[in-house]
Number of protein chains: 2
Amino acid sequence: MTIVENERASRFPDAELKARAAWHYYVEGLTQERISEILGVGRIKVHRILSAAREEGVVQFRIRDSVVECVVLEESLKQRFGLSQAVVVPSAADRSNAPLMIGHAAAAYLADHVNAGDVIALGWGRTLKFAINELPRRPIARTTVVSMLGGLTHAQPLNPTESAWDFAEKIGAECFLLPVPVYADRPEQRDAFMSQRSVQDVVFRARRANIAVLSVGSFSNDSPIANYGFIKPSELEELQAAGAVGDILCHFIDAEGRPVDHEVNRRVCAYPLQDLSDIPSIILVSGGSEKVAVMRAALANIKVSVLITDEDAAKGLLGR
Amino acid sequence: MTIVENERASRFPDAELKARAAWHYYVEGLTQERISEILGVGRIKVHRILSAAREEGVVQFRIRDSVVECVVLEESLKQRFGLSQAVVVPSAADRSNAPLMIGHAAAAYLADHVNAGDVIALGWGRTLKFAINELPRRPIARTTVVSMLGGLTHAQPLNPTESAWDFAEKIGAECFLLPVPVYADRPEQRDAFMSQRSVQDVVFRARRANIAVLSVGSFSNDSPIANYGFIKPSELEELQAAGAVGDILCHFIDAEGRPVDHEVNRRVCAYPLQDLSDIPSIILVSGGSEKVAVMRAALANIKVSVLITDEDAAKGLLGR
DNA sequence: CTTTAGTATGCAATTTTGTTCAGCTAAACT
DNA sequence: AGTTTAGCTGAACAAAATTGCATACTAAAG
């Protein structure tokens with residue numbers, strides 16, 4: 001077996017430089033030129049170091065005041081969907097930035113609400129990736145992260161496996177992964193994969209989780225599930241024809257939140273949807289107006305405790 | 001009567017605008033001009049709102065400063081485990097880069113601390129491979145490298161034999177290898193192998209080494225010892241059931257650092273653990289949060305002089 | 001020892017941000 | 001009503017940050 005090397009090394013491995021530069025720039029308010037003198041590196045390099053620092057979450061931005069309108073929406077959402085908590089952030093001006101903003105809020109929420117000993121079952125998605133990226137790196141004792149999804153056969157930057165690893169690393173958790181592809185080629189293979197002892201073991205651990213963190217996917221064309229090519233365009237069309245409004249944990253669901261009857265749903269290697277009820281606290285992290293339909297579906301069929309979303313989606317969900 | 005001025009009266013009482021602007025600017029990364037369009041105010045006003053938001057602490061910047069901590073950790077480790085030296089590097093942003101970063105530090109350490117005439121007993125692991133890789137190719141007179149482990153039956157990129165050879169080549173050392181497989185098929189074969197004159201000769205040379213460089217392995221699923229397949233998954237489970245937390249020189253040890261009673265440990269062809277006490281300076285090179293348990297075990301039972309590790313592991317080791 | 005692919009670096013052009021200042025409005029005062 | 005004054009606004013300019021591009025490294029391959 002080959003050892004898979006991860007090539008995605010940081011461009012500036014010197015964490016000291018990043019921390020110093022970020023401190024001077026953001027906290028101290030110095031100009032990049034001045035910092036370049038202090039650190040003795042080129043002015044442009046300082047800029048690139050700062051970019052890297054932001055990228056990697058070495059600097060974090062915390063916005064304290066809540067937006068009044070969002071607070072109102074939060075209350076309505078709690079009421080309407082029986083949530084124990086809701087977080088609504090302002091919508092991104094640019095649609096494609098929604099995951100960034102929601103992820104930021106999710107990171108803040110998780111940083112405050114994950115406790116020692118927690119077992120976290122983890123889904124997959126762009127929003128979750130951003131959330132994990134912005135999580136502060138602070139070990140939390142005896143935590144466990146369990147992936148609820150199989151991996152990708154070709155390594156990709158956005159990958160259930162990678163996400164779980166990163167999350168676990170940030171909080172110093174033990175990490176369990178499903179060592180199977182997220183979609184098997186054929187239903188029988190799925191059954192064979194899922195009956196593996198090692199797989200069953202991980203699913204069992206997920207079932208014992210006290211927190212699940214997951215998001216939903218829509219059919220919009222920048223959705224990773226559509227782009228990575230493990231679902232064929234023709235299948236996507238079939239799924240939509242069968243009434244699917246999007247996916248949760250890579251299961252495609254209809255407007256009522258029930259899995260649609262399609263071969264793709266019989267090929268998915270993931271934690272079973274109906275078993276989500278075994279997990280006491282489910283955190284749904286998703287937003288953007290294009291996800292309203294699938295979020296509504298998910299909320300209809302899954303007992304969500306905490307919803308982290310944006311204004312657009314909140315308004316859409318409450319809309320009718 | 002004096003009128004008390006509220007000197008901190010905000011120029012922009014509209015907290016809503018401040019919060020929204022801050023989200024768009026810092027989290028979403030929009031330009032001030034773009035924000036001015038969205039919020040329907042002038043560009044300059046956006047700038048002033050953002051200034052006010054910073055001034056008043058509505059936005060806060062947090063920088064994860066790991067470097068300062070590292071020095072503190074080094075001191076604590078020396079104290080706690082009676083080391084003569086400790087090196088702690090910032091943890092890799094990406095979990096899988098931990099060996100790279102620690103290896104880098106180890107290479108720097110070795111380059112400075114290997115002297116003419118030294119005899120180096122060498123273990124095996126991914127971290128060590130990276131260390132050897134980054135060693136400068138500079139001959140050091142009359143040095144000797146002795147492998148403490150047998151070889152792999154099928155040639156692999158990550159291989160005790162190869163590692164020793166590369167190390168020796170880099171510093172122009174004489175190189176001695178154990179001409180036996182790292183795991184014999186059966187205990188009796190191990191005994192037969194190890195009693196070979198040629199093997200005894202190499203073990204004897206290792207015992208006379210003045211430096212040992214080694215790392216530990218954990219049960220995590222990217223561990224080479226798990227992946228190369230010379231230990232069956234069923235055996236790995238048995239070992240864990242028997243209390244093993246990981247391996248050192250391919251001997252599986254329990255939380256107290258003692259070899260567990262299992263057939264696998266009677267099949268290993270390697271330098272005997274208890275004879276490590278004959279080597280005056282032992283350098284342990286390992287890190288990553290998943291290795292904390294086995295590192296603690298190793299430190300409990302082996303007189304380590306120098307520990308080269310990362311922040312995660314250092315914190316974990318000092319944790320309780 | 002040379003080649004070469006990949007990476008890092010800094011320059012220059014462009015965009016974005018920060019600052020100053022004069023103009024405007026409207027409430028308060030004469 | 002006329003004047004004052006404080007506060008806000010945006011134009012114009014100055015400073016800083018960002019990006020594309022060309023060049024100079026570095027390390028692996030020939």
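In the predicted model, nine residues surround DNA strand C, and the closest of these are A:Gly42, A:Ile44, B:Thr31, B:Gln32 and B:His47. The elements that contribute two or more residues to this surface are α3 (43-55) of chain A and, from chain B, α2 (32-39) and α3 (43-55). By class, the residues of the surface near DNA strand C comprise two nonpolar, four polar and three charged.

DNA strand D is surrounded by 10 residues, of which A:Thr31, A:Gln32, A:His47, B:Gly42 and B:Ile44 are the closest. Two or more residues of that surface are given by each of α2 (32-39) and α3 of chain A and by α3 of chain B, and the largest share, three residues, comes from α3(A). The surface near DNA strand D divides into three nonpolar, four polar and three charged residues.

Away from the DNA, the interior was examined in terms of nonpolar cores. In soluble globular proteins, nonpolar side chains tend to be buried together. The largest nonpolar core of the model has 107 residues, and those with the most contacts inside it are A:Ala121, A:Val146, A:Ala212 and B:Ala22. When neighbours within four places in sequence are left aside, B:Ala22 is in contact with A:Ile63 of the other chain as well as with B:Leu50, B:Ala53, B:Val58 and B:Val59. A second, separate core consists of 83 residues, including B:Ala106, B:Ala209, B:Ala212 and B:Phe252.

Strand β11 (residues 306-310) of chain B is largely enclosed by the rest of the structure, because five of its five residues are buried. From β11(B), B:Val306, B:Ile308 and B:Asp310 point one way, whereas B:Leu307 and B:Thr309 point the other way, and all are buried. The strand has parallel partners in β2 and β10 of the same chain. With β2 (residues 85-89) of chain B, the parallel pairing extends over five bridges, and B:Val89 stands opposite B:Asp310 in β11(B). With β10 (residues 281-285) of chain B, the parallel pairing extends over three bridges, and B:Leu284 has B:Leu307 of β11(B) as its bridge partner. The connection between these elements is also defined in the model, in that β10(B), helix α12 (residues 292-301) of chain B and β11(B) make a right-handed β-α-β unit.

Chain A contains 14 helices and 11 strands, and 49% of its 320 residues count as buried. Among the contacts in chain A between residues at least 6 apart in sequence, 69% join residues that are at least 24 apart. In helix α14 (residues 311-319) of chain A, the buried residues are A:Glu311, A:Asp312, A:Ala313, A:Ala314, A:Gly316 and A:Leu317. The buried residues of α14(A) pack against α4 (68-81), β2 (85-89), α13 (292-301) and β11 (306-310) of chain A.

A further position in chain A, A:Arg266, is located in helix α12 (residues 263-267) of that chain. A:Arg266 has 14 C-beta neighbours inside 10 Å and therefore counts as partly exposed. Although A:Arg266 and A:Pro187 are 79 residues apart in sequence, their C-alpha atoms are 5.3 Å apart in space. With residues up to four places away in sequence not counted, A:Arg266 touches A:Pro187 and A:Arg190.

Two loop residues of chain B were considered for their backbone conformation. B:Arg142, a residue other than glycine, has a positive phi near 55° and lies in the loop between α6 (126-134) and β4 (144-147) of chain B. Because B:Arg142 has 12 C-beta neighbours inside 10 Å, this residue counts as exposed. B:Cys250, which is likewise not a glycine, has a positive phi of about 65° and is found in the loop between β8 (244-248) and β9 (251-254) of chain B. With 25 C-beta neighbours inside 10 Å, B:Cys250 counts as buried. Positive phi values are thus present in an exposed loop residue, B:Arg142, and in a buried loop residue, B:Cys250.

Notes. Residues numbered from 1 in each chain as written. Chains lettered and ligands numbered in written order. Predicted model: local features only at pLDDT ≥ 70, side-chain atom pairs only at ≥ 80, totals over all residues. Near = placed C-beta within 6 Å. Helix = DSSP H or I, 4+ residues; strand = E, 2+ residues; numbered from the N terminus. Nonpolar A, V, L, I, M, F, W, Y, C, P; charged D, E, K, R; others polar. Core = buried A, V, L, I, M, F, W, Y, C linked by C-beta atoms within 7 Å. Buried ≥ 20, exposed ≤ 12 C-beta atoms within 10 Å, placed from the backbone. Contact = placed C-beta atoms within 7 Å. Pairing = 2+ DSSP bridges. Right-handed = clockwise from strand over helix to strand, strands pointing away.
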